[in-house]
Amino acid sequence: MTTPARASAPFGRALCAMITPFTDDGALDLDGAQRLADRLVAEGCDGLVLSGTTGESPTTTDTEKAALVRAVREAVGGRASIVAGIGTPDTRHTVELALAAEKAGADGLLVVTPYYSRPPQDAVEAHFRAVADGSGLPLVLYDIPGRTGTRIEPATMIRLAEHPRIVAVKDCAYDLLGTQKVLARTELAYYAGCDEQVLALYAIGGAGHISTVANAAPRQFRAILDAFDAGRTAEAARLQRRALPLIESMMASGLPGTVTAKGLLGALGLPSGPVRPPLRPADGRTVGELLAVHKELTGQQ
């Protein structure tokens with residue numbers, strides 16, 4: 001059988017929205033970031049998205065964001081793409097972060113819709129165009145209205161696709177109808193940003209995933225895409241369903257994915273560290289539940 005036509009995947013198919021490891025006292029842990037990045041790439045990640053929501057971008061400084069890109073680039077070299085999260089509610093600041101990420105060695109930029117101020121669609125469009133014009137790197141637009149309060153409407157997305165450096169979308173809009181409208185009229189590469197929708201979006205022509213849960217199960221999430229690409233669609237569906245308990249525990253427990261990802265990685269002996277306030281760490285019971293569902297999925301002790 002043939003798989004549906006899809007846009008190219010400019011940063012690879014299997015991307016991880018990587019946590020930002022900190023030391024016990026809350027400082028940036030660059031050694032831990034390098035070790036985690038190396039592990040994720042070795043276990044199947046084509047790319048790493050740094051300083052996104054999962055990477056605690058609201059509480060890391062501009063200097064820390066650039067240092068993280070440099071350290072991870074040193075660790076992975078050319079084995080994986082690096083997409084740097086630079087989104088802020090301030091267009092000028094976002095352009096400054098874009099230039100810093102480009103200088104630090106990023107391959108692309110993740111740019112979220114300006115949040116809190118809830119700009120109208122013409123202002124949203126102007127913001128993204130200004131960022132795209134401000135550096136030489138390609139952009140991934142991050143559509144997550146549940147956090148920002150503002151949607152990138154399909155008509156706006158279609159217009160933005162005309163810009164040569166706007167190449168992809170991290171889709172957390174929960175609107176497959178709107179997504180399909182954009183896929184039908186543009187060459188934008190759509191990445192599932194909601195782990196429960198990885199296969200659904202891929203099956204209608206998406207480019208892959210930018211996954212938080214892949215911090216703890218990179219092989220298992222890549223396997224979903226690999227099975228589908230090989231024409232084993234029933235297996236891909238089985239693998240997606242098999243991952244649901246971990247997805248639910250990490251992403252639908254009432255805690256931010258950053259909190260659950262760090263709790264689980266720490267319990268597995270992997271680089272993580274504390275979360276920065278105002279976030280608070282997962283409690284022991286939650287971590288125990290995460291470990292149980294992770295073991296069920298991966299077979300790890």
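1. Helices H11 and H12 in this predicted model span residues 257–267 and residues 284–298, and their axes come within 9 Å of each other and cross at roughly 70°. Because angles from 65 to 115 degrees count as roughly perpendicular, H11 and H12 are therefore described as roughly perpendicular to each other.

2. The residues that bring these two helices into contact can be named: on the H11 side they are Thr260, Gly263, Leu264 and Ala267, and they meet Val287, Leu290, Leu291 and His294 in H12. Sorted by character, the residues of this contact comprise 5 nonpolar and 3 polar ones, with no charged residue in the group.

3. Helix H2, made up of the 15 residues 62–76, reaches 22 Å from its first C-alpha to its last, which is close to the 21 Å expected at 1.5 Å a residue. Just after H2 comes glycine 77, which has a positive phi, near 55°.

4. Among the buried residues of H2 are Leu68, Val69, Val72 and Val76, and the list also includes Glu64, Lys65 and Arg73. The buried residues of H2 pack against helix H1 (30–42) and helix H3 (91–104), and also against strand E2 (47–50) and strand E3 (81–85).

5. Strand E2, one of the elements against which the buried residues of H2 pack, is covered on both faces, with Gly47 and Val49 buried on one side and Leu48 and Leu50 buried on the other. Strand E1 (residues 14–17) runs parallel to E2 and is joined to E2 by 3 bridges, and within this pairing leucine 15 stands opposite glycine 47 of E2.

Conventions:
Residues are numbered from 1 along each chain as its sequence is written. This is a predicted model: local features need pLDDT of at least 70, side-chain atom pairs count only at pLDDT 80 or more; totals for chains, interfaces and linings use all residues. Side-chain values use heavy atoms; hydrogens and water are left out. Axes are lines fitted to C-alpha atoms, for helices over the stretch in contact, and angles run from 0 to 180 degrees between N-to-C directions. Helices (H or I, at least four residues) and strands (E, at least two) are DSSP runs, numbered from the N terminus. Angles under 35 degrees count as roughly parallel, over 145 as roughly antiparallel, 65 to 115 as roughly perpendicular and the rest as oblique. Contact means heavy atoms within 4.5 Å. Ala, Val, Leu, Ile, Met, Phe, Trp, Tyr, Cys and Pro count as nonpolar, Asp, Glu, Lys and Arg as charged, and the others, Gly among them, as polar. The expected span of a helix is 1.5 Å times one less than its number of residues. Buried means under 20% relative accessible area, exposed over 50%, partly exposed in between (1.4 Å probe, protein chains only). Two strands pair if DSSP finds at least two bridges between them.
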